[in-house]
Amino acid sequence: MLDVLVVGYGLMTRGILPHLLRREELSVSLMSRHLTSPPYPEVRLVRAAELERPDAILGCFEDDDASRDFWTSPHVTEAVARGHSACIEMSTLSPSWIDAWHGHIRESGGVAVECPVTGSRSGAADGTLSAFVHQSAYDARVETVLNAFTRQRYSFGSAGHPTRFKLVYNAWGAALLHSLTAFVPTLRTVLDDDFDVAARILSSDGWMAPVCASKLDRMVESRFDDPDFALRHMVKDLRYAHDVLPPPHPLLDLVHDSFTRALSAHGGDADYTAVTGTGTGTGAGTATATGSGRS
Ligand SMILES: NC(=O)c1ccc[n+]([C@@H]2O[C@H](COP(=O)([O-])OP(=O)(O)OC[C@H]3O[C@@H](n4cnc5c(N)ncnc54)[C@H](OP(=O)(O)O)[C@@H]3O)[C@@H](O)[C@H]2O)c1
């Protein structure tokens, strides 16, 4: 039986936990700063001081500070040393912190598994996340844990590369989403009732289809509550992306600014598609997007 500690009970770990519980070979405990009772009877809620020798620790934090606070706390560092634990860090972090994190886990005697993921809330809930992975050593415990909730794993040869890739990948995705703001309102104004035809084309045919199929409805309906991915996380990711994408980078600056304004308008807990609800696109007609009266 492998002792797995899940750290943080957020959108991602909430989806992942049931997949871990289904594996008979895993015994799952959870550490949370806000939960007062376990979300499932078979999960043990623990505090750092109670940690013994976890086989694997799975962390998914809001940012560098939360990740650093956890991994460098004396109780956790000592538990990692006792268990030679597989430390699986799934958060999207800055390049400088993930580089330091590898050093810290190595010095603590753990196996460092840098593992940012993609797939959003539905990927976590379905157990079909894709993970970008670099691990300091092969460890069968990591395979067992990651098999429970990932569909694809992509192995990177160097520490820090999964994080750098993920930051560029997210910034690029954010730019695609931002681009909807520049063009969709114009189509709604110009096409009026025919916007439905345009929406069908955009969502099913051609280059824009994958993005529009998953995000256009939220934009058209101004439905930014119940987040799949919180706006504050994307603003954080774009901030960290500046450390990978060298300046001057006018597109990154524009997109970062657009998401930051969406955060002011909609709050950090809105879905990140709220960037399409700010009328901040660079195209004409962005402020008059009532089109077919869907919003
Ligand atoms: N959501 C996605 O689609 C997605 C995809 C890829 C990567 N990521 C990355 O994964 C990391 C975590 O993302 P997430 O979407 O899971 O973030 P999240 O829901 O905001 O959770 C982050 C942390 O906030 C705390 N939290 C959650 N709900 C709370 C509540 N009701 N009250 C107080 N605290 C609460 C939890 O820690 P405690 O339990 O300790 O309080 C949790 O670990 C981020 O680095 C993000 O960039 C997210």
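Helices here are DSSP runs of H or I with at least four residues, strands are runs of E with at least two, and both are numbered from the N terminus. The model is a predicted one, in which local features need pLDDT of at least 70 and side-chain atom pairs count only at pLDDT 80 or more, while totals for chains, interfaces and linings use all residues. Residues are numbered from 1 along each chain as its sequence is written, and side-chain values use heavy atoms, with hydrogens and water left out.

Now to the ligand and its shell. Helix 10 gives the shell its largest share, four residues. Helix 1 (11-21), helix 5 (120-126) and helix 10 (231-241) each put in at least two. In total, 24 residues surround the ligand (a heavy atom within 4 Å of it), and Tyr9, Ser32, Arg33, His34 and Phe61 are the closest. Sorted by class, the shell comes out as seven nonpolar, eight polar and nine charged residues; Asp, Glu, Lys and Arg count as charged, Ala, Val, Leu, Ile, Met, Phe, Trp, Tyr, Cys and Pro as nonpolar, and the others, Gly among them, as polar. Domain 1 (2-159) and domain 2 (167-288) each lend at least three residues to the shell, with domain bounds taken from an automatic or database assignment.

The backbone gets involved too. A backbone N or O atom of Phe61 sits 2.7 Å from a ligand oxygen atom. For Thr92, a backbone N or O atom is 3.2 Å from an oxygen atom of the ligand, and for Asp228 the distance from such a backbone atom to a ligand oxygen is 3.2 Å. Of the 870 Å² of accessible area that the ligand has on its own, the protein covers 83% (Shrake-Rupley method, 1.4 Å probe).

Two backbone details round this off. The peptide bond from Pro247 to Pro248 is cis, with omega near -5°, and Pro248 belongs to the loop between helix 10 and helix 11 (250-266). His84, a residue other than glycine, has a positive phi near 40° and lies in the loop between helix 3 (74-83) and strand 5 (86-89).

Technical notes: A polar contact is a pair of N or O atoms within 3.5 Å; within protein, one must be able to donate a hydrogen and the other to accept it, and residues adjacent in sequence count only if both atoms are side-chain atoms.
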